[in-house]
Amino acid sequence: MVQGKKKRENRFTRIERVRAEKRAKTAAKFKERMERRKLEKKNPELKKKRQAENVPMTIDNTRAYDPSMVTIPSGLHPKSAIPAEFATRSKSTPSIKDPNAADSSEPSGSKLPQDQDPNPPAAPAGFMDPEHAADIANDPFAAYFDPDSERDPSEPPKVLITTSPHATAPTWAFCDELVGVFPGAQFFKRRKRGFRCNAPPLGTVAGWAVKRGYSSLIVVNEDHHKPNAVTIVHLPSGPTAYFKLTSVELTQEIYGHARASPHYPELVLNNFVTRLGHTVGRMFQTLFPPMPEFEGRQVVTLHNQRDFLFFRRHRYMFKSTDRTALQEIGPRFTLKLRSLKTGLPSNNPLGAPMKPLELAKEDEEPEQQYAHIAEEGANAEDEDNSGGEDEEAEKSVKEEKEVKRDGKKEARKGEEFAWAWNPRMDFKKRNFYL
């Protein structure tokens with residue numbers, strides 16, 4: 001054996017040494033935990049201080065600050081910079097009194113969590129961004145929240161629910177569930193596409209609904225015989241929101257579900273903190289009556305987490321005067337906003353039916369029957385002879401292209417995107433938009 005070198009251990013010796021080190025480390029942690037428990041039993045304040053400091057950092061409570069935030073998100077980490085940024089912005093922006101600050105019709109999620117610092121740098125009471133105040137006063141949903149309107153608040157809004165053409169039984173079953181969720185909803189079955197049957201486009205369905213007094217339109221799309229998307233159109237002037245639909249579970253698939261009643265449910269919107277989130281939240285509020293019937297003990301919840309909207313419907317079960325529980329009614333599903341358009345969906349002219357075939361008359365000569373073909377041939381010969389140097393011909397071609405472009409814009413008028421999802425948005429995992 002060479003001096004100055006340790007003897008090489010075999011495999012079994014190394015395994016025993018690692019196990020012994022692990023046992024010693026576990027015993028040291030257990031001893032430290034027992035000593036801390038004794039101290040915290042004598043002084044409960046130490047336990048509260050330790051729990052306040054040991055908050056795990058997650059993607060939710062460490063989200064990035066967004067200038068479009070209207071309220072502070074709930075459940076933030078104590079080290080999050082959002083409260084400080086929000087307070088700095090409120091100091092530099094003139095304060096506007098929010099008339100609906102205590103109104104239950106606005107989306108929830110504006111309160112600070114209880115586990116944060118009791119004196120965080122927060123915005124003054126009644127603060128509202130002037131741009132957000134202008135948006136609320138002039139958005140398409142302002143008439144729904146107007147207290148001076150002549151509409152009966154106890155009457156549910158009329159909602160038309162339909163499907164994409166050539167829908168199947170699973171999509172119809174999901175639409176049946178939606179009719180039970182929204183008190184004023186009605187289902188309209190669209191005709192199937194066929195060789196001799198042209199299903200009306202979505203723009204035509206929206207115009208049909210406006211003439212019959214509907215305030216909202218919900219279209220359920222399907223793929224591979226399963227519902228995969230939901231389009232919500234606010235009538236009569238928009239906007240139009242397109243959501244991706246996942247994790248659909250009907251009422252019959254939920255174990256121990258409760259039975260729904262015809263009472264108007266209470267609506268809870270949680271964690272909608274940006275201007276876009278408030279727009280989406282106000283759109284969902286227009287689907288429910290403003291005055292819920294609390295004797296029905298039903299509540300519909302839309303919980304926003306990482307821009308995923310989790311839909312749940314429960315029933316209160318009061319066990320005593322100070323204890324209650326929730327029993328799920330169903331259905332349950334998840335929505336993800338993909339786009340928000342400012343107007344109604346338009347009718348694509350490319351989908352219009354072809355013009356009927358016109359037969360030539362027997363008395364006409366061949367030159368008269370095919371006059372348009374002769375004109376096209378003459379124009380082609382003139383272009384070949386000119387060699388492309390005629391400036392007037394180039395101008396006419398440009399004018400024709402501009403006319404076609406203007407026609408397409410007119411056909412798709414009102415389809416400007418207020419917000420659209422892009423795959424690059426998912427690269428930064430701590431940026432959320434609702």
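Biologist: Let us fix terms: buried means under 20% relative accessible area, exposed over 50%, and partly exposed in between (1.4 Å probe, protein chains only). Which of these is R297?

Modeller: R297 counts as partly exposed, at 30% relative accessibility. This is a predicted model in which local features need pLDDT of at least 70 and side-chain atom pairs count only at pLDDT 80 or more, while totals for chains, interfaces and linings use all residues. Residues are numbered from 1 along each chain as its sequence is written, and side-chain values use heavy atoms, with hydrogens and water left out.

Biologist: What sign does phi of R297 have?

Modeller: Phi of R297 is positive, about 60°, although R297 is not a glycine. Most residues other than glycine have a negative phi. H166 is another such case, with phi near 65°. R297 lies in the loop between helix 8 and strand 7, and H166 in the loop between strand 1 (159-163) and helix 6. H166 is partly exposed, with a relative accessible area of 48%.

Biologist: How many helices and strands are in the chain?

Modeller: The chain has eleven helices and eleven strands. Both are DSSP runs numbered from the N terminus: H or I with at least four residues for helices, E with at least two for strands. Of the 434 residues in the chain, 33% are buried.

Biologist: How many of the residues of strand 4 are buried?

Modeller: In strand 4 (residues 226-234), eight of the nine residues are buried.

Biologist: And which strands pair with strand 4?

Modeller: Strand 3 (residues 216-223) pairs with strand 4 in the antiparallel sense over eight bridges, and I218 stands opposite I232 there. Strand 5 (residues 240-249) also pairs with strand 4 in the antiparallel sense, over five bridges, with V230 opposite F243. Two strands pair if DSSP finds at least two bridges between them.

Biologist: What about the turns of those hairpins?

Modeller: The hairpin of strand 3 and strand 4 has two residues between the strands, and H224 there takes a positive phi near 55°. The hairpin of strand 4 and strand 5 has five residues between the strands, with G238 at a positive phi near 95°. P236 lies in the loop between strand 4 and strand 5, and the peptide bond from L235 to P236 is cis, with omega near 15°.

Biologist: Where else is there a cis peptide bond?

Modeller: A cis peptide bond joins G330 and P331, with omega about 0°. G330 lies in the loop between strand 9 (324-328) and strand 10 (332-341). G330 is buried, at 0% relative accessibility. Leaving aside neighbours within four places in sequence, G330 is in contact (heavy atoms within 4.5 Å) with T251, I254 and R313. The C-alpha atoms of G330 and T251 are separated by 4.6 Å, although these residues are 79 apart along the chain.

Biologist: Changing topic, which residues touch the most other members of the largest nonpolar core?

Modeller: They are F182, I218, F243, F284 and L309, in a core of 35 residues. A nonpolar core is a set of buried Ala, Val, Leu, Ile, Met, Phe, Trp, Tyr and Cys residues joined through side-chain atoms within 4.5 Å. Apart from the largest core lies another of nine residues, among them L160, A206, A209 and L217.

Biologist: And what does F243 touch?

Modeller: Not counting residues up to four places away in sequence, F243 touches A229, V230, I232, V280, F284, L309, L335, K336 and L337. Of these, V280 and F284 are among the buried residues of helix 8; nine of the eleven residues of that helix are buried.

Biologist: How many aromatic pairs does the structure hold?

Modeller: It holds nine. Rings of Phe, Tyr and Trp (its six-membered ring) pair if their centres lie within 6.5 Å; planes under 30 degrees apart count as stacked, over 60 as edge-to-face and the rest as tilted. F182 and F288 form a tilted pair, 5.2 Å centre to centre with 55° between the planes. These two residues are 106 apart, and the pair links distant parts of the chain. F182 is buried with a relative accessible area of 5%, and F288 is buried at 3%. Ring pairs also link F174, F311 and F333 into a cluster.

Biologist: Finally, is K429 buried or exposed?

Modeller: K429 is exposed, with a relative accessible area of 61%. K429 is found in the segment after strand 11 (417-420). From C-alpha to C-alpha, K429 and D60 are 9.6 Å apart in space, and 369 residues apart in sequence.
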